[in-house]
Amino acid sequence: ETPNLMALINYAHELGLAASMWTVPESMGELWCASMRESLDALIIDYDLSDCRAVVQEETGLLYMNVWDMEGESAATWYRSDATAESYALTGTDLPSVVRTGLGDGLYGASLEFDSSPMSLYDADNDPDDGYLVAVVAQLTDLDLSYGEVQGILNKSDSGGFALELVGDLGSPTLRFGVHVDGSYRYATRGTSDLNEQDGYLIVGAYDGDGKVRMWVDNSDSGVDESGSYEDGVTQNDAPMVLGADPEGTSSTRYPFTGRIQMAMVQKWRDH
């Protein structure tokens, strides 16, 4: 639960050091093993070792992008379900810009700054009976939303899929992670009154097809209102995953995000 955790991990890696995290708890330990598997060299765990190893090695990846060490300004590297690197060109209009920050900032290294500038990726569906694990590292640089205003952080939510987004509320906005299950979106929600526009937050949302929709901020679920319990898989759709907005059909977007994103990950997520 260390603040700006990813900044410390990135700094360690820049120095040529390995980085580990402790202690993964017994309860929901599979979530931390999965969500941190691409970022760390070692995990110290109270969770079952063989189960953690299985989750780390499981071929569930749909998206992984971490731009902290990107070179140049013209393209961001990301990965689909296999280990083949994809290149997303950042040249042209209405695309995120590259920002670089040092020690003392909420993010360390490069990040992508979004301002009505989404990145539309590809149609990455879950397995029919299961759900999604979604994680981002982001700075929420606009927490002054009008009532009902929506900003999509990482979404695939067009009558299906998932949504990680900010929603304007009375006072501070609400951060929510939702999945489309049994005909409607089901959400885990959290107020943002204790969050700020300077820190870099690790935000994780998960639903496995059998249970509640859950969410964590900096590896803590304090203040999170989880959904009820459901037993259906997330509704599949034809919308692409969109970083920095919400998809509208297969080619348009809405609800642009204002802020910085450094890491984004999506995995197929089953009951463990």
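This text walks through a predicted model of one protein chain, from its overall form to single residues.

Start with the whole chain. Its secondary structure comes to three helices and 22 strands. The C-alpha atoms fill a box of roughly 45 × 40 × 40 Å along the principal axes. The radius of gyration is 17 Å, which agrees with the value near 19 Å for a compact globule of 272 residues. Of those 272 residues, 53% count as buried. Contacts also reach along the sequence. Among those between residues at least 6 apart, 60% join residues at least 24 apart.

Now the surface and the charges. The protein chain exposes about 11,700 Å². Carbon and sulfur atoms supply 42% of that area. The chain has 14 positive and 47 negative side chains. The centres of the two sets lie 2 Å apart.

Next, helix H1, which spans residues 5-14. Its buried residues are Leu5, Met6, Ala7, Ile9, Asn10 and Ala12. Several strands help to cover them, including E1 (20-24), E3 (61-66), E9 (131-139) and E22 (258-269). Just after H1 comes Gly16, with a positive phi of about 80°.

Strand E1 deserves a second look. Thr23 lies in this strand. The peptide bond from Trp22 to Thr23 is cis, with omega near -15°. Beyond E1, the loop between E1 and H2 holds Met28. Met28 has a positive phi of about 60°, although it is not a glycine. This residue counts as partly exposed because its relative accessibility is 25%.

The structure holds one disulfide. Cys33 and Cys52 form it, with their sulfur atoms 2.1 Å apart. The pair links distant parts of the chain: Cys33 sits in helix H2 (residues 29-35) and Cys52 in helix H3 (residues 49-57). The two cysteines are 19 residues apart. The angle about the S-S bond is -110°, and the link is left-handed. Both Cys33 and Cys52 are buried.

Move on to Asn155, in strand E10 (residues 150-155). Is Asn155 buried or exposed? It counts as buried, because its relative accessibility is 0%. Its contacts, leaving aside neighbours within four places in sequence, include Phe162, Ala163, Leu164 and Glu165. Pro240, Met241, Val242, Ala245, Asp246 and Pro247 are also in contact with Asn155. Gly178 is 23 residues from Asn155 in sequence, and the two C-alpha atoms are 9.4 Å apart in space.

Further along, strand E12 (174-181) is joined to E13 by a loop that holds Asp182. Phi of Asp182 is near 55°, a positive value in a residue other than glycine. Asp182 is exposed, because its relative accessible area is 53% and the cut-off is over 50%.

Strand E13 (residues 184-191) holds Tyr187. With a relative accessible area of 24%, Tyr187 is partly exposed. What does Tyr187 touch, not counting residues up to four places away in sequence? The list is Glu165, Arg176, Phe177, Gly178, Val213, Asp225, Glu226 and Ser227. One of these, Arg176, is 11 residues from Tyr187 in sequence and 6.3 Å away in space, C-alpha to C-alpha. Glu165 also appears among the contacts of Asn155.

Technical notes:
Residues numbered from 1 in each chain as written. Predicted model: local features only at pLDDT ≥ 70, side-chain atom pairs only at ≥ 80, totals over all residues. Heavy atoms only, no water. Disulfide = S-S within 2.5 Å. Helix = DSSP H or I, 4+ residues; strand = E, 2+ residues; numbered from the N terminus. Buried < 20%, exposed > 50% of the residue type's maximum accessible area, 1.4 Å probe, protein only. Contact = heavy atoms within 4.5 Å. Rg over C-alpha atoms; globule rule 2.2 N^0.38 Å. Areas by Shrake-Rupley, 256 points an atom, 1.4 Å probe, with all protein chains shown as cover. Lys, Arg positive; Asp, Glu negative; His and termini not counted. Charge placed at Lys NZ, Arg CZ, Asp CG, Glu CD.
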